[in-house]
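Colleague: Before we discuss this model, could you put the sequence and the structure up for us to look at together?

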Amino acid sequence: MPALEVFNRRWRIGSDDLVIPGIIEVLVRAGWLGLVITLFVHHEADTSRCEQGKYLLRIFLVGSMVILGATLITTVALVYHSSRGTIMDVAPRKHVPNLLITRVILGIPEVAWNGMGSMWIILGLVMCHDALSILMKALVIYTWVAIGVIVIGVWLLFDPMMRPNRQGPNEGSYLVEGGALGTHYIQLWEKRCRFLCCLTSRDENSSEAFKNVADVFASLFEESDLVASDVAAALVLLRLKRKQEERQEEAIRKNNLHLPLSRSSTASIGALQSEGALPHQQSPRPEWMKVGSAYHFMKFALASYGWPWFVYGRFCQACCSLWKHLHCCANCRADPSLDAKDNCCLCNTAALKAITGLDQESISYITFHNKIYEVPFFVAIDDETEHVVVAIRGTLSLQDAITDLTCQCTEVEGAGLPEGCLAHKGMVHAAKFVQRKLEETRALREGLASRPGYGVVITGHSLGAGTAVVLAALMRPQFPNLKCFAFSPPGGLCSKEFALATQSFVMSVVVGDDLVPRLSMNSLHDLRYKIMCVLNTCRQPKYRVLAQGCWYMLFGISSSSLESVSTIESPSQDRPLLANAANAYTYHSPKITQESMEDVRMTFSDDDSRRCQVPRHTETPLYLPGRVLYCNPSLPEEERLDVVSSEWEYRWGDMNEFTQLLISPFMMRHHLPQVVLAALEDVAQQVASPS
């Protein structure tokens with residue numbers, strides 16, 4: 001931090017990212033230098049072993065020793081200077097660009113010298129007995145491999161789309177929407193998205209979607225100059241701080257058993273919006289919002305994914321279950337009215353039947369057609385609960401990911417909805433697609449006609465959950481008793497008005513530290529500011545932070561490490577990662593004392609006079625829909641050997657609890673549909689047989 005600038009270009013690494021690669025190169029080159037010296041001594045002891053070219057071999061070995069020695073000294077100096085300072089303090093690393101240029105210049109004679117040696121070997125000008133010839137060939141091959149690795153590294157780290165310089169008297173003007181830097185970043189990310197567009201099919205929605213995604217990425221990265229290793233180091237620091245807070249919470253809970261566990265205390269730092277704006281709803285929950293019902297309909301949400309998630313983690317058992325439902329080449333003779341778009345053996349349909357226990361007659365409509373804004377779904381008759389179920393698939397393809405990333409707000413209009421209801425743009429488009437297909441095929445109405453008195457349930461997981469919520473709001477005027485079960489819905493889904501309007505017909509389920517229900521543009525910008533803050537307060541070099549992060553992944557976080565986070569002073573060999581616990585996560589502002597969506601500002605140092613503003617796409621805070629059932633593992637993290645089989649506790653939560661991201665090793669694991677199903681099964685058993 002900031003990105004390294006060499007040859008008048010900005011690169012995708014920082015000046016402190018050369019420590020580990022440099023150490024590896026030093027060790028490898030030191031070994032080869034020792035081998036060359038041994039080869040030279042062996043050659044000089046008896047020059048008669050070379051039939052031809054003994055003087056050429058001597059010249060080549062001497063030149064190789066000189067080049068290797070110079071490169072080794074330069075690399076050692078590069079490692080030393082790259083390891084100096086902290087992540088944000090770049091002054092001690094001011095010589096790194098010059099050393100890197102010197103190292104690149106030394107590569108020119110290395111390539112030329114190695115090319116000359118290669119020609120001598122190819123032309124037969126050097127011919128020796130014993131191991132001399134083999135070792136020389138190995139040296140030449142090694143050098144070419146090393147050069148190739150360096151070239152690949154340069155290609156990966158080179159930024160072909162030069163970013164404009166932030167320096168200058170009008171630096172602050174670059175930060176506003178439509179400014180030079182903002183416009184450039186939108187164009188930069190759109191070019192990158194266009195490259196992805198080449199990997200997927202082109203349709204009428206692609207152009208608009210990729211422009212929207214580019215705008216989202218630009219708003220996240222245009223004001224920062226972070227590289228990937230900076231983010232990794234910041235996540236280690238945030239996780240360390242979060243772990244410390246969890247232990248403090250556990251200690252408090254031991255003294256007060258009735259105090260619920262907070263999963264977002266870290267989120268209180270630098271919040272982008274006021275969390276007191278949503279009134280607490282005193283109205284009782286609808287009777288149908290039960291854990292057992294959620295567990296039942298989660299099977300339909302899981303079934304919508306087809307065979308990939310069904311076989312995940314239990315391949316042999318799943319294949320045996322699928323076997324009796326498979327129909328080889330059935331897709332070639334299938335009823336075109338089903339519009340399945342399944343594979344040849346109808347594996348997705350077979351998995352759907354195996355998970356839900358439905359037969360072919362109970363499936364009114366099924367399609368696995370998938371494009372941007374067009375998601376797979378199926379309509380089935382559930383005689384067990386007397387409902388016709390519409391289950392929408394979650395994210396499982398690049399097209400789905402583009403739909404997820406189109407996260408600007410758009411208005412949702414429908415009878416019974418208050419004015420000003422906003423929702424996730426990509427999911428609104430997906431919901432309108434499903435609604436249009438239901439009207440065209442009449443699958444839902446025909447299912448209800450065949451089962452008079454049955455109700456309607458719309459369900460889904462992840463992207464499917466967000467789409468289901470919007471679809472339920474659009475279709476509720478036609479089906480007033482409609483119910484919606486949203487499993488792990490995205491946090492950036494509903495505006496305040498829309499979220500409150502869905503509380504009578506939407507039940508959301510959030511499991512553990514799941515990333516997605518806490519994910520929104522607001523929480524991402526908040527996380528970005530936290531990252532900037534912890535990097536600014538970190539007093540360790542980056543390589544030590546990353547090394548400790550690797551250690552934590554392998555062996556867990558020790559108590560001494562947690563104590564070092566809050567220790568203001570400690571021995572030099574065990575310095576705290578952060579300056580101190582009191583101000584490590586505080587945004588300093590000379591003008592305000594309370595953060596809110598309207599007036600949040602921050603300054604990281606007295607020298608930073610950059611004019612800050614509310615980030616784009618965060619003007620409207622977004623929340624989870626409906627009533628939220630929160631399932632959390634009852635066992636401490638150290639005792640969870642298997643997340644799926646862990647015991648779970650549950651409570652009804654508030655949408656305000658899920659507005660901030662939690663840095664946790666389970667933040668992705670808890671989003672898997674199998675984990676959600678296992679958590680609901682465990683909780684449903686607790687409800688059915690309380691002890």
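Colleague: Is Arg103 buried or exposed, and what is its relative accessible area?
Modeller: This is a predicted model, and the value is computed from it. Buried here means under 20% relative accessible area, and Arg103 falls under that cut-off, so the residue counts as buried, with a relative accessible area of 8%.

Colleague: With which residue does Arg103 form a salt bridge?
Modeller: Side chains of opposite charge can pair when their charged atoms come close. The partner counts as partly exposed, at 22% relative accessibility, whereas Arg103 is buried. The partner lies in helix α1 and Arg103 in helix α3, so the pair ties together parts that are 78 residues apart in sequence. The closest N and O atoms of the pair are 2.7 Å apart, and the partner of Arg103 is Glu25.

Colleague: How many salt bridges does a search of the whole structure find?
Modeller: A salt bridge is counted when a side-chain nitrogen of Lys or Arg is within 4 Å of a carboxyl oxygen of Asp or Glu. Searched in this way, the whole structure gives a total of 13.

Colleague: Which residue meets Arg93 in a salt bridge at 3.8 Å, N to O?
Modeller: Arg93 is in the loop between α2 (54-82) and α3 (96-122), and its partner, 77 residues apart from it, is in the loop between β2 (9-14) and α1 (19-45). Both residues are buried, and they belong to a network of salt bridges that also includes Asp17, Asp230 and Lys542. The side chain that meets Arg93 at 3.8 Å is that of Asp16.

Colleague: In which helix do Lys530 and Asp526 both lie?
Modeller: Lys530 and Asp526 form a salt bridge, with their closest N and O atoms 3.1 Å apart, and both residues are buried. They are 4 residues apart, about one turn of the helix, and that helix, residues 521-537, is α17.

Colleague: Why is α8 described as largely enclosed by the rest of the structure?
Modeller: Helix α8 (residues 291-303) reaches 19 Å from its first C-alpha to its last, close to the 18 Å expected at 1.5 Å a residue. Its buried residues include Tyr295, His296, Phe297 and Met298. The helix is largely enclosed because the number of its 13 residues that are buried is 10.

Colleague: Which residue in the loop between β5 (363-367) and β6 (377-382) has a positive phi although it is not a glycine?
Modeller: The phi of this residue is about 70 degrees. At 3% relative accessibility the residue counts as buried, and its name is Tyr373.

Note on methods
Residues numbered from 1 in each chain as written. Predicted model: local features only at pLDDT ≥ 70, side-chain atom pairs only at ≥ 80, totals over all residues. Heavy atoms only, no water. Buried < 20%, exposed > 50% of the residue type's maximum accessible area, 1.4 Å probe, protein only. Helix = DSSP H or I, 4+ residues; strand = E, 2+ residues; numbered from the N terminus. Expected span 1.5 Å × (residues − 1).
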